Amino acid sequence: MAVTAQRPVGVDELLDRVREELDRVEAKEAYDAGQAGEALLVDIRYAALRERDGLIPGALVVERNELEWRLDPQGSHRAPEATSHDLRVVVVCNEGYASSLAAVSLRQLGLHRATDLVGGFQAWKAAGFPVKE
């Protein structure tokens, strides 16, 4: 079987491609969905950023390197919140870049409603939504 080499892509092109798969949400929609219990907000920022900028109240904090293990509803290391593949997950990073890649990774695990927050935590904070210091 011959293996066909694919043309390498840069990260900007990769982001454009993966974002075509996502119905990304703005801060207001993420806030409303979280408040209504319609979405699980998942903060993947590393500890130094969380300590510097604060937390989104009620968000599940999961380091990026643990995300797939913690959100896989079938996984042995899943978080209690990872109840089904129908769970609507909104991934939050610092500025909305890494979260797009993370959301697509969750979709590959079958979490078909996973998406991310446009502008990340910084957009949340700039919109004036609650932040826990």
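A salt bridge here is a side-chain nitrogen of Lys or Arg within 4 Å of a carboxyl oxygen of Asp or Glu. Keep that cut-off handy for the exercises below, and remember that the model is predicted.

**Exercise 1. Work out whether D116 and R24 form a salt bridge, and what parts of the chain the pair connects.**

Solution. Start with the distance: the side chains of D116 and R24 come together at 2.8 Å, N to O. The cut-off is 4 Å, so the pair passes as a salt bridge. Next, find the two partners. D116 sits in strand β4 (residues 115–116), while R24 belongs to the loop between α1 and α2, so the bridge ties together parts that are 92 residues apart in sequence. Last, check the cover over the acid: D116 has 0% relative accessibility, so it counts as buried. To put the pair in context, the whole structure holds nine salt bridges.

**Exercise 2. Look at the bridge between D32 and K28 and say how the two residues are placed in their helix.**

Solution. First, the contact: D32 and K28 meet side chain to side chain at 2.8 Å, N to O, in a salt bridge. Now count along helix α2. The two are four residues apart there, so about one helical turn separates them. Then look at how open the acid is: D32 comes out at 35% relative accessibility, which means partly exposed. For a bit of extra geometry, go from K28 to A123, which is in helix α6 (residues 120–126). These two are 95 residues apart in sequence, yet their C-alpha atoms are 9.7 Å apart in space. A123 has a relative accessible area of 25%, so it is partly exposed.

**Exercise 3. Decide for R64 and for E68 whether each is buried, partly exposed or exposed.**

Solution. The two are partners in a salt bridge, 2.9 Å from N to O. You need two cut-offs: under 20% is buried and over 50% is exposed, with partly exposed in between. R64 has 30% relative accessibility, so it is partly exposed. E68 has 15%, so it goes down as buried. Want one to contrast with these? Take R52 in helix α3 (residues 47–53). Its relative accessibility is 54%, so R52 is exposed. R52 also lies 25 Å from R24, C-alpha to C-alpha, with their positions 28 residues apart in sequence.

**Exercise 4. Describe the largest pocket: its volume, its lining and the chemistry of that lining.**

Solution. Begin with the volume, about 200 Å³. Then turn to the walls: 14 residues line the largest pocket, and G34, Q35, L41, P57 and G58 are the ones nearest its centre. Now sort the lining by element. Both α2 (27–35) and β1 (40–43) supply at least two residues each, and α2 gives the most, with three. Finally, sort by side-chain type: 10 of the lining residues are nonpolar, four are polar and none is charged.

**Exercise 5. Find the residues of a nonpolar surface patch and place L14 within the fold.**

Solution. The patch is made of V9, V11, L14 and L101, which together have about 280 Å² of accessible area. Pick out L14, and you'll find it in helix α1 (residues 11–19). Its relative accessibility is 33%, so L14 counts as partly exposed. As a last step, look for charge elsewhere: R7, E13 and R17 are linked in a network of salt bridges.

Key
Residues are numbered from 1 along each chain as its sequence is written. This is a predicted model: local features need pLDDT of at least 70, side-chain atom pairs count only at pLDDT 80 or more; totals for chains, interfaces and linings use all residues. Side-chain values use heavy atoms; hydrogens and water are left out. Patches are made of residues with over 30% relative accessible area and no salt bridge: like charges are joined within 9 Å, nonpolar side chains (Val, Leu, Ile, Met, Phe, Trp, Tyr) within 5 Å. Accessible areas come from the Shrake-Rupley method with a 1.4 Å probe; for residues, only the protein chains shown count as cover. Buried means under 20% relative accessible area, exposed over 50%, partly exposed in between (1.4 Å probe, protein chains only). On a 1 Å grid over the protein atoms alone, a cavity is a set of points where a 1.4 Å probe fits but cannot get out, and a pocket is an open set with protein on both sides within 12 Å along at least five of seven lines; lining residues have an atom within 4 Å of a point. Grid points are joined across faces, edges and corners, and a volume is the space filled by probe spheres set on the points. Ala, Val, Leu, Ile, Met, Phe, Trp, Tyr, Cys and Pro count as nonpolar, Asp, Glu, Lys and Arg as charged, and the others, Gly among them, as polar.
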